[in-house]
Amino acid sequence: MKQLIAILLIGIAFQACKPSTQELYEQASLRFDQDDFAGAIQLLDSIIAVDDTRGDVFHTRGSSKFNLKDFDGAVADYTRAIELSGSKVDAELYYYRGDAHLMLKEYEKAIENFSMAVTLIPDYAEAYNLRGDSWIATGNADSAFIDYSRSIKLNPDLPGAYFGLASYYSNASNHNQAIANYSKAIGLKAMPDYYYNRGLVYYLENDFDSAISDFSKTLELDSQHLDAYVMRGSVRDEAGLKAEAISDFDVAINLDPNYGFAYFNRGITRKSQGDTKGACEDFNKALELGYLEAIAKTGDCVN
């Protein structure tokens, strides 16, 4: 009898020590806040194994998967969270699911979800912004312009909306407005692509000093930005800085030996320096890597 009582007491003690699902969720939330997304998922999985009716658990697991770039998994978890929410669904769930669809390049589905989000919260500036990105991806520039403008009106401190509006103006060849909006985005948040895209517009305006400065700033923020090396090299070439241009192309090729765009542009600079043999080697390599514009340059090359 004493042995049986001891066993029962051990079992009771074990149950007392076993954390509840709510305690596990709090631990998972802490790991999420610490960017330990894999650890958060492990704890959330254990909750779902015994209770698959908590929308907040699926929501947090979906966000964890999103941060790990498992966008399909994120969509599935956000969908389950929406189903469990019933008529009290949180607009953020549609926003996050829309963002996951956007990452998957499922633009129509993204637009549907962002539209649901702004239906629930009409002043949801971030949802208008990402719906604008989705419109751009589907080729609907006018709808994108409306959404970016509305997003900025609702939240004047949202850098992504200025970036989107700047891209709209850039595509419309309105370079002054493009530069103004890229500058506004940069003032709010210094991002590599903000500088890079403004640099492209400066280049189109033949403002080589400003373009080089922006491409250089891009590389300060992201030393692996291949396009920035190639574009800075191209601008330096046109500005007569041939050695510096070659150096930029060399760095890009060292970072990615299969980057045909870099070989092509280095070939142009080499040809302008009189290095016909080196130029032909680069044009042929670019063509071999699938950069078809090189075809027009290989005609003068002798095998």
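Which residue forms a salt bridge with glutamate 83? In this predicted model, the partner is arginine 80, and the closest N and O atoms of the pair are 3.5 Å apart.

## Salt bridges in and around helix α5

Glutamate 83 and arginine 80 both belong to helix α5, where they stand three residues apart, about one turn of the helix. Arginine 80 has a relative accessible area of 29% and is therefore partly exposed. The pair is one instance of a kind of contact that a search of the whole structure finds 17 times, that being the number of salt bridges.

A further salt bridge involves helix α5 through aspartate 77, whose side chain meets that of lysine 65 with an N to O distance of 3.2 Å. This pair links distant parts of the chain, since lysine 65 is placed in helix α4 (residues 55-67) and aspartate 77 in helix α5 (residues 71-85), twelve residues apart. Lysine 65 and aspartate 77 are both buried.

## A bridge between α16 and α17, and a network

Arginine 266 and aspartate 282 also form a salt bridge, with 2.8 Å between the closest N and O atoms. Arginine 266 lies in helix α16 (residues 260-272) and aspartate 282 in helix α17 (residues 276-288), so the pair ties together parts of the chain that are 16 residues apart in sequence. With a relative accessible area of 11%, arginine 266 is buried, and aspartate 282, at 2%, is buried as well.

Salt bridges that share partners join Asp45, Arg61, Lys65 and Asp77 into one network. Two of its members, lysine 65 and aspartate 77, are the partners in the bridge of 3.2 Å described above.

## The packing of α5 with α6

The axes of α5 and helix α6 (residues 91-103) come within 9 Å and cross at roughly 155 degrees. Because of that angle, α5 counts as roughly antiparallel to α6, and the crossing of the two helices is left-handed.

On the α5 side, the contact is made by Phe71, Ala74, Val75, Tyr78, Thr79, Ala81, Ile82 and Ser85, which meet Leu93, Tyr94, Tyr96, Arg97, Ala100, His101 and Met103 in α6. Sorted by class, the residues of this contact divide into eleven nonpolar, three polar and one charged.

## The packing of α14 with α15

A second helix pair is formed by α14 (residues 226-238) and helix α15 (residues 242-255), whose axes come within 8 Å and cross at roughly 160 degrees. The angle makes α14 roughly antiparallel to α15, and α14 passes α15 in a left-handed crossing.

The residues of α14 that make the contact are Leu226, Tyr229, Val230, Arg232, Gly233, Ser234, Arg236 and Asp237, and those of α15 are Lys242, Glu244, Ala245, Asp248, Phe249, Val251, Ala252 and Leu255. By class, this contact holds eight nonpolar, two polar and six charged residues.

Arginine 236, one of the contributors from α14, has a relative accessible area of 17% and is therefore buried. When its neighbours within four places in sequence are left aside, arginine 236 is in contact with Ile212, Leu241, Lys242, Glu244, Ala245 and Asp248. Among these partners, Lys242, Glu244, Ala245 and Asp248 also appear on the α15 side of the helix contact.

## Exposed loop residues

Which residue in the loop between α4 and α5 is described here? The residue is lysine 69, which has a positive phi of about 65 degrees although it is not a glycine. Lysine 69 has a relative accessibility of 64% and therefore counts as exposed.

Lysine 105, in the loop between α6 and α7 (107-120), has a phi near 65 degrees, a positive value in a residue other than glycine. At 61% relative accessibility, lysine 105 counts as exposed.

Aspartate 35 occupies the loop between α2 (21-33) and α3 (37-50), and at 55% relative accessibility this residue counts as exposed. The C-alpha atom of aspartate 35 is separated by 9.9 Å from that of leucine 68, a residue 33 places away along the chain.

Terms used: Residues numbered from 1 in each chain as written. Predicted model: local features only at pLDDT ≥ 70, side-chain atom pairs only at ≥ 80, totals over all residues. Heavy atoms only, no water. Helix = DSSP H or I, 4+ residues; strand = E, 2+ residues; numbered from the N terminus. Buried < 20%, exposed > 50% of the residue type's maximum accessible area, 1.4 Å probe, protein only. Contact = heavy atoms within 4.5 Å. Axes fitted to C-alpha atoms, helices over the stretch in contact; angles between N-to-C directions. Parallel < 35°, antiparallel > 145°, perpendicular 65-115°, else oblique. Left-handed = near helix turned anticlockwise from the far one by under 90°. Nonpolar A, V, L, I, M, F, W, Y, C, P; charged D, E, K, R; others polar. Salt bridge = Lys/Arg side-chain N within 4 Å of Asp/Glu carboxyl O.
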